[in-house]
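Here is a short briefing for a reader who is new to this structure. Please keep the sequence and the model open while reading.

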Amino acid sequence: MTEIRLHNSLTRRKEVFEPIDPENVRMYVCGPTVYDRAHIGNARPVVVFDVLFRLLRHVYGDDHVTYVRNITDIDDKINARGPSDFPDLAPLEAIRRVTDMTSGWFVEDMAALGAENPTHQPRATEFVPQMVAMIEDLIAKGFAYEAEGHVLFEVAKYDDYGKLSGRSTDDMIAGARVEVAPYKRDPMDFVLWKPSDDATPGWESPWGRGRPGWHIECSAMAGELLGAEFDIHGGGSDLMFPHHENEIAQSCCASPDAGFARVWLHNGMINVDGRKMSKSLGNFLTVEELRGQAPGEVLRLALLGTHYRGTLDWTRQKIDEAADALAKWGALVEGIDPSPSAASPVVDALADDLNTPAAIAEMHRMARAGEAEALAAAMALMNLAAPKVEAAAGDGDLINALLAKRAEAREAKDFATADAIRKGLDAAGVVVIDQKGGPSEWKLGPDFDAAKLEGLA
């Protein structure tokens with residue numbers, strides 16, 4: 001069996017992955033808060049952990065991996081949008097309308113990026129009773145307290161708080177969004193339950209009508225669907241503190257004989273053209289917008305070109321390079337039935353802390369060496385396919401005429417003309433495949449531009 005090694009954020013080192021139960025490998029990944037369109041930063045963990053999901057199933061078997069990725073549909077941004085979009089509906093109905101719409105957008109966008117649905121995709125609103133029960137348990141065990149309609153987790157009661165992020169208490173207070181409130185025993189204490197007024201969505205509880213805090217949502221859903229202890233917890237590095245730190249604290253205190261998640265994986269952030277992505281800088285990119293620029297398969301490859309733990313600098317060049325690679329690979333593997341065993345060099349790369357850049361480099365090598373079956377298997381494993389582009393009849397005739405003219409130029413040793421035709425076809429998005437001892441073949445790339453083709457006539 002392939003040995004998988006993963007960089008565990010909790011221990012800060014790469015470790016051999018040994019599942020608790022090889023017959024049921026379990027992974028939880030923090031999903032989106034669905035108040036609007038998903039942006040490219042939301043997409044990165046989905047694509048990264050989709051590759052890990054595929055690797056785990058390749059190694060342990062399709063029926064032996066359980067993957068949970070939640071949808072956060074209880075949030076103050078959603079609460080604000082609900083009555084704005086649906087002023088005639090009750091608060092809970094309004095947020096449901098909003099989140100049905102936005103989660104639908106999310107699922108559609110992620111499917112376009114080649115991400116398979118997880119085994120379970122729970123919505124926070126469906127697990128409020130489990131959250132209430134967990135909070136009651138934490139109060140009974142002395143780790144949480146009620147104050148002015150709120151319930152708070154008492155951080156001082158958990159000795160290992162800060163172990164994941166490696167921060168001191170002073171650093172955590174200074175560097176995080178710590179809400180100072182008179183009802184808190186300590187500024188670091190975080191909310192498990194908070195009251196709701198009549199205009200805000202709420203649920204009945206022993207502490208009055210209210211709603212859960214963000215952190216308890218993931219702990220309750222993970223515990224219900226994966227158990228008190230499971231193998232892998234993933235998410236963006238921006239969630240390490242306070243969200244994941246708080247998840248660990250409340251989950252380990254609720255189940256002191258379990259360790260919650262054994263391995264923690266965190267993907268890096270995304271910059272756009274070298275700058276942090278933000279609406280104020282005008283470089284905020286939604287997946288919907290990017291799908292208008294390139295097919296989802298191309299965006300997926302571009303997202304995987306940087307190691308998941310590193311910062312990804314999103315540029316147009318990365319999209320163009322991914323489009324070119326997929327077009328060339330697609331032409332090489334067309335009609336070939338992949339054999340899973342042929343993908344072993346790429347499996348080895350992915351098994352080394354999900355090293356997608358090394359896997360992609362290996363796929364380029366396969367393409368150069370003409371190892372079509374191995375390349376087809378690797379593309380299938382990583383769910384990378386060449387986008388389908390069809391040519392109009394006139395376009396095909398023109399391409400064939402240009403290739404015939406190029407062949408004549410090469411025969412006459414007029415290499416300047418031959419090279420100019422080849423460069424023109426490349427610029428128009430036509431992938432030319434030269435054959436030894438035979439006429440050149442061609443295939444349309446995902447960036448095919450018929451207008452540029454006509455300019456070559």
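A search of the whole structure finds zero disulfides. The model is a predicted one. One pair of cysteines, C30 and C218, is worth a check, and the bullets start there. Aromatic pairs, charges over rings, backbone details and a pocket follow.

**Cysteines**

- A disulfide is a covalent bond between the sulfur atoms of two cysteines.
- For C30, the closest cysteine sulfur is that of C218, at 3.9 Å.
- That is too far for a bond, because a disulfide needs the two sulfur atoms within 2.5 Å.
- Seen from the other side, C218 has its closest cysteine sulfur in C30, again at 3.9 Å and too far for a bond.
- C30 counts as buried because its relative accessibility is 9%.
- C218 is also buried, at 2% relative accessibility.

**Aromatic pairs**

- How many aromatic pairs does the structure hold? There are seven.
- F17 and Y60 form one of them, and this pair is edge-to-face. The ring centres are 6.3 Å apart, with 85° between the planes.
- The F17–Y60 pair links distant parts of the chain, 43 residues apart. F17 lies in the loop between β2 (13-16) and β3 (25-29), while Y60 belongs to helix α1 (residues 40-60).
- Both F17 and Y60 are buried.
- F153 and F190 form an aromatic pair that is stacked. Their centres are 5.0 Å apart, and the planes differ by 20°.
- F153 sits in strand β6 (residues 150-153) and F190 in strand β7 (residues 190-195), so the pair ties together parts that are 37 residues apart in sequence.
- Are F153 and F190 buried or exposed? F153 is buried, with a relative accessible area of 0%. F190 is buried too, with a relative accessible area of 6%.
- F230, F260 and W264 are linked into a cluster by ring pairs.

**Charges over rings**

- R97 places its charged end over the ring of F86, 5.6 Å from the ring centre.
- R185 does so over the ring of Y145, with its charged end 4.0 Å from the ring centre.

**Backbone details**

- Which residues does a cis peptide bond join? The bond runs between F241 and P242, with omega at about 5°.
- P242 is part of helix α7 (residues 240-254).
- L354 is not a glycine, yet its phi is positive, at about 50°.
- L354 lies in the loop between α11 (344-351) and α12. L354 counts as buried because its relative accessibility, 4%, is under 20%.
- K413 also has a positive phi without being a glycine, and the value is near 60°.
- Where does K413 lie? K413 is in the loop between α14 (393-411) and α15 (415-427).
- K413 counts as exposed because its relative accessibility, 64%, is over 50%.
- A416 is found in helix α15. A416 is exposed, at 60% relative accessibility.
- A416 and R406 are ten residues apart along the chain, and their C-alpha atoms are separated by 9.9 Å.

**The second largest pocket**

- Rolling a probe the size of a water molecule over the atoms shows where empty space is left.
- How much space lies in the second largest pocket? The volume is about 320 Å³.
- The lining of the second largest pocket is made of 13 residues. The closest to its centre are K328, W329, L332, A367 and R368.
- Which elements give two or more residues to the lining of the second largest pocket? They are α10 (316-333), α12 (356-369) and β14 (430-433).
- Helix α10 gives the most to the lining, with five residues.
- By class, the lining of the second largest pocket has eight nonpolar residues, four charged residues and one polar residue.

Terms used: Residues are numbered from 1 along each chain as its sequence is written. This is a predicted model: local features need pLDDT of at least 70, side-chain atom pairs count only at pLDDT 80 or more; totals for chains, interfaces and linings use all residues. Side-chain values use heavy atoms; hydrogens and water are left out. On a 1 Å grid over the protein atoms alone, a cavity is a set of points where a 1.4 Å probe fits but cannot get out, and a pocket is an open set with protein on both sides within 12 Å along at least five of seven lines; lining residues have an atom within 4 Å of a point. Grid points are joined across faces, edges and corners, and a volume is the space filled by probe spheres set on the points. Helices (H or I, at least four residues) and strands (E, at least two) are DSSP runs, numbered from the N terminus. Ala, Val, Leu, Ile, Met, Phe, Trp, Tyr, Cys and Pro count as nonpolar, Asp, Glu, Lys and Arg as charged, and the others, Gly among them, as polar. Buried means under 20% relative accessible area, exposed over 50%, partly exposed in between (1.4 Å probe, protein chains only). Rings of Phe, Tyr and Trp (its six-membered ring) pair if their centres lie within 6.5 Å; planes under 30 degrees apart count as stacked, over 60 as edge-to-face and the rest as tilted. A charge sits over a ring if NZ of Lys or CZ of Arg is within 6 Å of the ring centre and within 35 degrees of the ring normal.
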